[in-house]
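Trainee: Could you walk me through how to read buried polar side chains and charged pairs?

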Amino acid sequence: MEVKSWASSRATRKSMLANRSRDTGPELALRSILHGRGYRYRVNYRPLRDKRNSADIVFTKAKVAVFVDGCYWHGCPEHYWPAKTNVHYWAPKIAANKERDELFNEALAERGWTVVRAWEHEAPEDVAERVALALRRL
């Protein structure tokens with residue numbers, strides 16, 4: 001007996017299962033550049049112990065949290081495209097992701113953290129420069 005999937009199609013299910021929450025291509029590229037420049041950091045780390053949110057790259061002593069956001073999942077103004085199926089699920093999901101990002105940015109800032117957010121489509125060299133600038137400022 002086949003169990004009914006949550007996905008709207010087999011292709012959708014396959015695509016969704018292939019999505020990674022960490023170690024994405026853009027994250028790995030950024031981490032490689034930062035490591036090559038001599039920076040040491042934590043990966044997929046919770047900067048605030050009382051929050052469930054994790055940052056992609058964290059410099060604990062400098063209190064810098066780096067996020068590499070996926071264009072679809074975080075509603076990139078340049079590349080986000082609304083879902084054509086399950087709209088009643090995806091529209092609120094993406095809106096909630098954006099709100100959660102904003103609230104976590106505020107929580108981090110209130111506790112003295114610097115937040116660097118990047119989109120997956122940004123050149124990793126450019127993002128690495130922004131991270132280095134944030135670290136130099138401190």
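Mentor: Let us begin with His 74, which lies in the loop between strand S3 (64–69) and helix H3 (87–110), where helices (H or I, at least four residues) and strands (E, at least two) are DSSP runs numbered from the N terminus. This is a predicted model, in which local features need pLDDT of at least 70 and side-chain atom pairs count only at pLDDT 80 or more, while totals for chains, interfaces and linings use all residues. Residues are numbered from 1 along each chain as its sequence is written, and side-chain values use heavy atoms, with hydrogens and water left out.

Trainee: Is His 74 buried or exposed?

Mentor: Buried means under 20% relative accessible area, exposed over 50%, and partly exposed in between (1.4 Å probe, protein chains only); His 74, at 15% relative accessibility, therefore counts as buried.

Trainee: Which residues form salt bridges with Asp 101 and with Arg 31?

Mentor: Side chains of opposite charge can pair when their charged atoms come close. A salt bridge is a side-chain nitrogen of Lys or Arg within 4 Å of a carboxyl oxygen of Asp or Glu, and by this rule the count comes to nine salt bridges. Arg 117 forms one with Asp 101, their closest N and O atoms being 3.8 Å apart; this pair links distant parts of the chain, with Arg 117 in strand S4 (residues 114–119) and Asp 101 in helix H3, 16 residues apart. Asp 101 is buried at 10% relative accessibility, whereas Arg 117 is partly exposed at 21%. Arg 31, for its part, meets Asp 23 in a salt bridge (2.8 Å, N to O), and Arg 31 is buried at 13%.
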